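Me: I am a first-year student and would like a close look at a single part of this structure. Please take me through the metal site and its surroundings in one connected account.

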Amino acid sequence: MTDLELKSTSTMIMKPEVKIPRATKSIQVGNVKIGGPEFAVIAGPCSIESRSQFAETSMAVKSAGACLLRGGIWKMRTDVKAFQGLGSEAFQFIKETIDDSGLGLVSEVTDPRQIEMLDDFVVMYQVGARNMFNYALLKELGQTKKPVLLKRSFSALIEEWLKAANYIISGGNENVILCERGIRTFETKTRYTFDLNAVIWAKQNSHLPVIVDPSHAVGIRDMVAPVAYAAAAVGADGIIVEVHPRPAEALSDGQQSLTIQDFKTMMHTIERILEATDRSLLKA
Ligand code: PEP
Ligand code: MN
């Protein structure tokens, strides 16, 4: 198994050199390959709330150019009284929407016992920011064959994030995609602080694809698209973004969810940014 090699940052500072980014390993996620020249847009609700909400959102993001769906089934909420996700109840209806849309689903696994249950429904497991340090979960995911989207914890050093990836890779699953989703700093104007440096660093120093979650990175709807543009401009491999047909009614993260119209507008600009850098959107 090839472990990720971590270059020491101090060496990089002491010896500036022209950096040739390492070739990224592209990873097959359902029907699409992430980490090639194209830019992947994974979109959908923060939480899957009902059959109609999931179906409406999925169809809309698909027609606007998303290549994969997102949607939380088990949610890691700070407040125990907050909506915790539909859990396995969602299994009664999500398959239909996934099949109708023709897009694969990416969803978070919050507990190793959910891995098998989710297997029939997802093309990629998501490890959330709060579980990046859950090494027991990472080891279990190392035993699976499906790709894993590994979010960076809001308190993790870049090095800790890449070393967490090694827990999955060392178990035998090399299909890890990194996701920067904002870190905690002294700043309080935004929900988290988007760490663009981390995206560039991980792209230049690891062979794994790197995507950005602009929704959690800022937590404010009107700032989500600009962060996505930055991700596209610096060569990230894609984004995972929250969309809700009626954000005011969302059971989680409505304040940062794009409306369907916002999403369409963002996609047009992303395409123009990609064009300027000789790239294009990854099509489903
Ligand atoms: C999410 O993507 O729904 C989520 C909970 O994100 P994070 O783990 O980054 O907070
Ligand atoms: Mn969310």
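**The manganese site and its surroundings**

Reply: Along the sequence, the residues that donate to the manganese ion (ligand 2) follow the spacing C-x169-H-x25-E-x10-D. The pair His-216 and Asp-253 links distant parts of the chain: His-216 belongs to helix H8 (residues 214–218), while Asp-253 is in the loop between strand S10 (238–242) and helix H10 (260–276), and 37 residues separate the two. The model is a predicted one, and the distances below should be read with that in mind.

The donor atoms can now be named. The manganese ion (ligand 2) has as its protein donors the SG atom of Cys-46, the NE2 atom of His-216, an OE atom of Glu-242 and an OD atom of Asp-253. These donors lie 2.0 to 2.4 Å from the ion.

His-216 deserves attention on its own account. This residue is found in helix H8. Its relative accessible area is 8%, and it therefore counts as buried, since buried means under 20%. Besides being a donor to the manganese ion through NE2, His-216 has a side chain that makes a polar contact of 3.0 Å with the side chain of Asp-253. Another polar contact, of 3.3 Å, joins the side chain of His-216 to that of Gln-256.

Asp-253, the partner in the contact of 3.0 Å, lies in the loop between S10 and H10. Is Asp-253 buried or exposed? Its relative accessibility is 12%, so Asp-253 counts as buried. Both members of the pair, His-216 and Asp-253, are thus buried.

The backbone of Asp-253 is also of interest. Most residues other than glycine have a negative phi. The phi of Asp-253, however, is near 55°, a positive value in a residue other than glycine. A second example is Asp-278, whose phi is near 60°, again a positive value in a residue that is not glycine. Asp-278 is placed in the segment after H10. Its surroundings offer a contrast in burial: Asp-278 counts as exposed because its relative accessibility is 74%, whereas Asp-253 counts as buried at 12%.

The account now turns to ligand 1. Which residues are around ligand 1? They are Arg-70, Lys-75, Glu-108, Gln-126, Gly-128, Ala-129, Arg-130, Lys-151, Arg-181, His-216 and Glu-242. Two of these names have appeared before: His-216 and Glu-242 are among the residues around ligand 1, and they are also among the donors of the manganese ion.

Several distances describe how ligand 1 is held among its neighbours' polar atoms. A polar atom in the side chain of Arg-181 is 2.6 Å from an oxygen atom of ligand 1. For Arg-70, a polar side-chain atom lies 2.8 Å from an oxygen atom of this ligand. The side chain of Gln-126 has an N or O atom 3.0 Å from an oxygen atom of ligand 1. Taken alone, ligand 1 exposes 290 Å², and the protein buries 96% of that area. The place of ligand 1 is in the largest pocket.

Some further positions in the chain complete the picture. Thr-57 is located in helix H2 (residues 51–63), and it is buried because its relative accessible area is 0%. The C-alpha atoms of Thr-57 and His-244 are separated by 6.3 Å, although the two residues are 187 residues apart along the chain. Helix H10, which follows the loop holding Asp-253, contains Ile-270. Ile-270 has a relative accessible area of 0% and so is buried. From Ile-270 to Thr-24 there are 246 residues in sequence and 21 Å in space, C-alpha to C-alpha.

Helix H7 (residues 196–205) can be described by its burial and by its beginning. Its buried residues include Ala-198, Val-199, Trp-201, Ala-202, Lys-203 and Asn-205. The N-terminal end of H7 is capped by Asp-195, which has a side-chain oxygen 3.2 Å from the backbone nitrogen of Asn-197.

To return to the part requested, the manganese ion has Cys-46, His-216, Glu-242 and Asp-253 as its protein donors, and the side chains of His-216 and Asp-253 are also joined by a polar contact of 3.0 Å.

How values were computed
Residues are numbered from 1 along each chain as its sequence is written. Chains are lettered from A and ligands numbered from 1 in the order in which they are written. This is a predicted model: local features need pLDDT of at least 70, side-chain atom pairs count only at pLDDT 80 or more; totals for chains, interfaces and linings use all residues. Side-chain values use heavy atoms; hydrogens and water are left out. Donors are N, O and S atoms within 2.8 Å of the metal (3.2 Å for Na, K and Ca); water is not among the atoms, so sites may look incomplete. Helices (H or I, at least four residues) and strands (E, at least two) are DSSP runs, numbered from the N terminus. Buried means under 20% relative accessible area, exposed over 50%, partly exposed in between (1.4 Å probe, protein chains only). A residue is near a molecule or strand if one of its heavy atoms lies within 4 Å of it. A polar contact is a pair of N or O atoms within 3.5 Å; within protein, one must be able to donate a hydrogen and the other to accept it, and residues adjacent in sequence count only if both atoms are side-chain atoms. Accessible areas come from the Shrake-Rupley method with a 1.4 Å probe; for residues, only the protein chains shown count as cover. On a 1 Å grid over the protein atoms alone, a cavity is a set of points where a 1.4 Å probe fits but cannot get out, and a pocket is an open set with protein on both sides within 12 Å along at least five of seven lines; lining residues have an atom within 4 Å of a point. A molecule sits in a cavity or pocket if more than half of its atoms lie within 2 Å of its grid points.
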